[in-house]
Amino acid sequence: MTDLSSSIPARHQSSTVFLFWLDRLALLFLCIYTAECAIGCSGRWISFGPLSIRMLLFGCCLLFSLPQVIRQIKDIIRLPYFWVLVAFALILAVSTFIGIQNGNNYSFLFADISSLLSFALFPGIIVTINTRERLQLVMKVLFYSTALLALVAVTLHFVIALLTTKEVVILNDWINNMALGGLAKMPTGVQRIYLRSQIFLQVSLLFGIWLLKTASSKWEKALIWVSEIVMLFAIILTYTRGFWLALGFTAVLFLIVFSRYWKHCLKCAGILALSLIVMLGASWVIYRTPCAAVAVLERFDPSLIVIMPSLPYEEPETPEDEDAFTQAAVLRSQTLAEQMRYIGEHPVFGNGLGKNLDGLRTDGKTEYMYQDMWMKTGIVGLGLFLFSCFWPTGSVIRRYFKTPKEKRKALLDWDNPFAQAIIWNFGVIGVAVTSYFNPFLTTPMGILVVLLAATAVHLTNKDYSSKGKTMEESE
């Protein structure tokens, strides 16, 4: 059973009861915030004037965790990662000033700040998720919420086969108006189902492999298996190569790191592969054509994959036909070239937050997130941003190699908190890989994965510290 008990030390009874319930509320709203990120896509499906549901949940998480943050502030400021985030906040302030001085669009500037503001949740998350059981609870909330979103995507895939073109357009308009994502017709005729929160699919699929080993009952195992199968098919239906690449990369890392459990990993891979074939077969039956499977192969067309900007003497050619995917590839080439030009003008401190590629883009951001950060905050801001995202991963690696060789094997035991921390950091790596092509690591969704990975590392470090003190006392 999940331990939800508070770690607040008992003082005056009234104060303890008050803080106890605040702690419970902080955990509740953090779980709701996590679920909303995993389902709510942009978080604007419900708005109250300028405030979205995600902003309100963010505020509740800050408010209810604040008393505990104040009580434990001395411990928080001793954490090196806290000061990494402070340094990043300072460079964001500098970039904001540069953006205002350069006359950058204020709405884009505010959007850049608000998307990165999620890092402010770190102290509250650290003091709220203060046990391994609570961390596992949040993992399950994320996993099952993502599975629910996947079920919606898969259901849409089969329902769309029965709809008219007009009805599909109406459905797409509704999805767009709710800022959830959108549909796009692939050359084979199948609709690409893209929902922004699907970034969690690649994270949760790995969580499921770990949860299968820790499930307490056959019913829970069955539910996890169903969720895994639905999520795998849903990630295929996104037809987003960044998702596929990240899932493949982290799956290989998973198998390498947890090679002791290779039989379990290969068993899971085999069952999921067979299940995917069955799902694609069911799609073939209802669409009367293998359009979903063939569309997967078409997404690997090299002409549609833009990784590096064109050379200065190479201008991207404008396509003569009206193929939307080809036009998108040309736009990506032009975007990269323009970003690199602005980076070359102000490489150190950037062009300021809110910088837009005027005449080319109208959304204030581009799909190439790292270049976007470099263009706006300079190499200093990009470096501190990368520190903020990968400090927990670096801590895991340092902890592993600082551990004596004869004890390293135990770190990778399936039920070891260290293993759970590794899996959370695989999630960060996966989001980071995807973010080269899709800007997720700078969103509340991506930052949430980073902060939960940092919390997992913090709990592991606390565990090691307490063991060290126990050994010293026994000696």
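This chain has 18 helices and four strands. What you have in front of you is a predicted model, and I will start with the confidence before turning to details.

The average pLDDT over the chain is 87, and 89% of the residues score at least 70. Taken by element, the highest mean belongs to helix H7, residues 132-160, at 96. The lowest mean belongs to helix H18, residues 444-474, at 76. Two stretches need a warning. Over residues 311-317 the pLDDT falls below 50, although in the model this stretch still makes five contacts beyond near neighbours in sequence. Residues 468-475 are also below 50, and that stretch has zero contacts beyond near neighbours. Where pLDDT is low, the predicted coordinates should not be read in detail. I will leave both stretches there.

Now the chain as a whole. Of its 475 residues, 52% are buried. The accessible surface is about 22700 Å², and carbon and sulfur atoms account for 67% of that. Considering contacts between residues at least 6 apart in sequence, 76% join residues at least 24 apart.

One example of a residue with partners elsewhere in the sequence is Ile76. Ile76 sits in helix H3, which covers residues 73-76. Is Ile76 buried or exposed? Its relative accessibility is 3%, and the cut-off for buried is under 20%, so Ile76 counts as buried. Which residues does Ile76 touch, leaving aside neighbours within four places in sequence? They are Val69, Phe82, Pro123 and Val127. Take Val127 from that list: 51 residues separate Ile76 and Val127 along the chain, while their C-alpha atoms are 8.7 Å apart.

Next, the empty space inside. Rolling a probe the size of a water molecule over the atoms shows where empty space is left. In this model the count is four cavities of 30 Å³ or more. The largest cavity holds about 80 Å³ of space.

What lines the largest cavity? From the earlier part of the sequence come Asp112, Ser115 and Leu116. The lining also includes Lys365, Thr366, Met369, Asp372, Met373 and Lys376, and it is completed by Pro439 and Thr442. Two helices, H5 (106-116) and H15 (369-402), each supply at least two residues of this lining. H15 contributes the most, with four residues. By class, the lining has four nonpolar, three polar and four charged residues. Among the charged ones are Asp112 and Lys376.

Last, two backbone points to look at on the screen. Tyr239 has a phi near 50°, which is positive in a residue other than glycine. Tyr239 is in the loop between helix H10 (218-237) and helix H11 (241-257). With a relative accessibility of 0%, Tyr239 counts as buried.

The second is Arg288, where phi is near 60°, again a positive value in a residue other than glycine. Where is Arg288 found? It is in the loop between helix H12 (262-287) and helix H13 (291-298). Arg288 has a relative accessible area of 78%, and exposed means over 50%, so Arg288 is exposed.

To put those two side by side: Tyr239 is buried, whereas Arg288 is exposed, and each lies in a loop between two helices. That is what I have on this model.

Notes: Residues are numbered from 1 along each chain as its sequence is written. This is a predicted model: local features need pLDDT of at least 70, side-chain atom pairs count only at pLDDT 80 or more; totals for chains, interfaces and linings use all residues. Side-chain values use heavy atoms; hydrogens and water are left out. Buried means under 20% relative accessible area, exposed over 50%, partly exposed in between (1.4 Å probe, protein chains only). Contact means heavy atoms within 4.5 Å. pLDDT is the predictor's confidence in each residue, from 0 to 100. On a 1 Å grid over the protein atoms alone, a cavity is a set of points where a 1.4 Å probe fits but cannot get out, and a pocket is an open set with protein on both sides within 12 Å along at least five of seven lines; lining residues have an atom within 4 Å of a point. Grid points are joined across faces, edges and corners, and a volume is the space filled by probe spheres set on the points. Accessible areas come from the Shrake-Rupley method with a 1.4 Å probe; for residues, only the protein chains shown count as cover.
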